[in-house]
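Please look over the model below. The report that follows takes its strands and its ligand site in turn.

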Amino acid sequence: MRRYGKHTDEDDIRSRPNRRGNRPRTHIRPKHEDAAGGMVLTVDRGRLTCLVDGRTVIAMKARELGRKAAVVGDRVALVGDLSGKKDTLARVVRIEGRDSVLRRTADDDDPYERVVVANADQLAIVTALADPEPRPRLIDRCLVAAYDGGLSPLLVMTKSDLAPPDKLLDLYGALDIPYVVTSRAELETGDAVDRVREHLDGRVTAFVGHSGVGKTTLVNALVPEERRRVTGHVNAVTGRGRHTTTSALALPLAGASGWVVDTPGVRSFGLAHIDPSRVIHAFPDLEPGTEGCPRACSHDEPDCALDEWVAEGHADPARLYSLRRLLATRERTEGD
Ligand SMILES: Nc1nc2c(ncn2[C@@H]2O[C@H](COP(=O)(O)OP(=O)(O)OP(=O)(O)O)[C@@H](O)[C@H]2O)c(=O)[nH]1
Ligand SMILES: [Mg+2]
Ligand SMILES: [Zn+2]
């Protein structure tokens, strides 16, 4: 497919899942103690656009980093020309430890996982109420990825000028996820933007969702100045008409400590790497009920202790139903 064909940045950052546990190569650390700290805003064919002391600096990864890829949201250490002037190139010599990683695979049986964003603490799952139609399965999958990666979810339902949000709100009610509903008119008055902004202060929020749901429209409304400043350096948006986003872009929120990350639209969200025990952490009301589960229980199998525990009245059955729906989403394909 177009968006996940050969040309997206994410192909550069493939890593084998079983290498995730490798220890950082600490022996190279002391070498660049004078390096400046920066944040990766976007990656384009190996070129990293970083924010360093308020300047936008283009950098390449230093050879000593080997196969380790820097991704959007990474905190990095840079040396070399940090002036940010045209045609200068700095070097990224270190990728700092990550607080979180949002991962996906292209398909569920794909052994390669791609890190979509590092260090995000909130996942804004953007769904249009119409055009394109909501895809609850995709939302469920994004939720599972958020819970697995330790990000807290935020549901953003756009285009309420085209269809009402009631059905989706019903479907996600039991999950108790914060949500915002936006419309074209409220984007223009700024009301929608203000409502979204309330959830963003002090956080790094990655916006994900199907192509055309309005992620970029929203991010642009949130950070118009920053977008222009950064994309002035990056060949991101040219020409006229609607432009599908082709690489993730992190932008600082003006006047607040938060960041927003726009990402390319996805058709699916492969979950090959998900660990059900991490997902259940997002359900603290159900977690104690798993004590009686068999070893390595998927919590979606006949011997799972949660059924009996919930039947005894310890938790809301709607919560267990929602958890099961999320876990089961791994076994289904997108078209179901
Ligand atoms: N009716 C209506 N249209 C909207 C709204 N928000 C965005 N749009 C339109 O939806 C279309 C897609 O918006 P984008 O912001 O490019 O969508 P995207 O999610 O960034 O898409 P990709 O980059 O392909 O993933 C544009 O034509 C927007 O003008 C809304 O609230 N109502
Ligand atoms: Mg976009
Ligand atoms: Zn279980």
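## The barrel and its strands

Strand β5, residues 75-80, pairs with β6 through five bridges, and the two run antiparallel. Within this pair, G80 faces A90 of β6. The model is a predicted one.

On another pairing of β6, the direction is parallel: three bridges link β6 to strand β4, residues 55-61. Here M60 is the residue opposite R91 of β6. Strand β6 covers residues 90-95, and five of its six residues are buried, so the rest of the structure largely encloses it. Buried here means under 20% relative accessible area.

These strands belong to a closed barrel. Five strands make it up, in the order β2-β3-β4-β6-β5, with mixed pairing. From one strand to the next, the twist averages 55°. Strand β2 (residues 36-44) and strand β3 (residues 47-52) add an antiparallel pairing, with five bridges between them. D44 sits opposite R47 of β3.

## The open sheet

A second set of strands does not close. Six strands form an open sheet, ordered β11-β10-β9-β12-β14-β13, and its pairing is mixed. The edges are β11 (179-181) and β13 (249-252); each has a single partner strand, so one side of each lacks a neighbour in the sheet. Neighbouring strands of this sheet are turned against each other by 20° on average, direction ignored.

Inside the sheet, strand β9 (residues 122-128) runs parallel to strand β12 (residues 204-208), and four bridges join them. A124 is set opposite F207 of β12. In a regular strand, side chains alternate between the two faces of the sheet.

Strand β10 spans residues 152-158 and includes T158. Is T158 buried or exposed? T158 has a relative accessible area of 5% and is buried, because the cut-off for buried is under 20%. T158 and L218 are 60 residues apart along the chain, yet their C-alpha atoms are separated by 9.1 Å.

## The ligand site

Which residues are closest to ligand 1? They are D161, S211, K215, T217 and T244, out of 19 residues that surround the ligand. By type, the shell around ligand 1 holds four nonpolar, 10 polar and five charged residues.

Several side chains make polar approaches to oxygen atoms of ligand 1. For T244, an N or O atom of the side chain is 2.4 Å from a ligand oxygen. For T216, an N or O atom of the side chain is 2.8 Å from an oxygen of ligand 1. For K159, a polar side-chain atom lies 3.0 Å from an oxygen of the ligand. On its own, ligand 1 has 660 Å² of accessible area, and the protein covers 87% of it.

## Elements around the ligand

Two helices stand out in the shell. Those elements that give two or more residues to the shell around ligand 1 are α3 (184-189) and α5 (215-222). The most comes from α5, with three residues.

## Summary

The predicted model holds a closed barrel of five strands and an open sheet of six. In the barrel, β6 is largely enclosed by the rest of the structure. In the open sheet, β11 and β13 stand at the edges. Around ligand 1 there are 19 residues, and α5 gives the most to that shell.

Definitions and conventions
Residues numbered from 1 in each chain as written. Chains lettered and ligands numbered in written order. Predicted model: local features only at pLDDT ≥ 70, side-chain atom pairs only at ≥ 80, totals over all residues. Heavy atoms only, no water. Near = heavy atom within 4 Å. Polar contact = N/O pair within 3.5 Å; in protein donor to acceptor, adjacent residues only side chain to side chain. Areas by Shrake-Rupley, 256 points an atom, 1.4 Å probe, with all protein chains shown as cover. Nonpolar A, V, L, I, M, F, W, Y, C, P; charged D, E, K, R; others polar. Pairing = 2+ DSSP bridges. Axes fitted to C-alpha atoms, helices over the stretch in contact; angles between N-to-C directions. Buried < 20%, exposed > 50% of the residue type's maximum accessible area, 1.4 Å probe, protein only.
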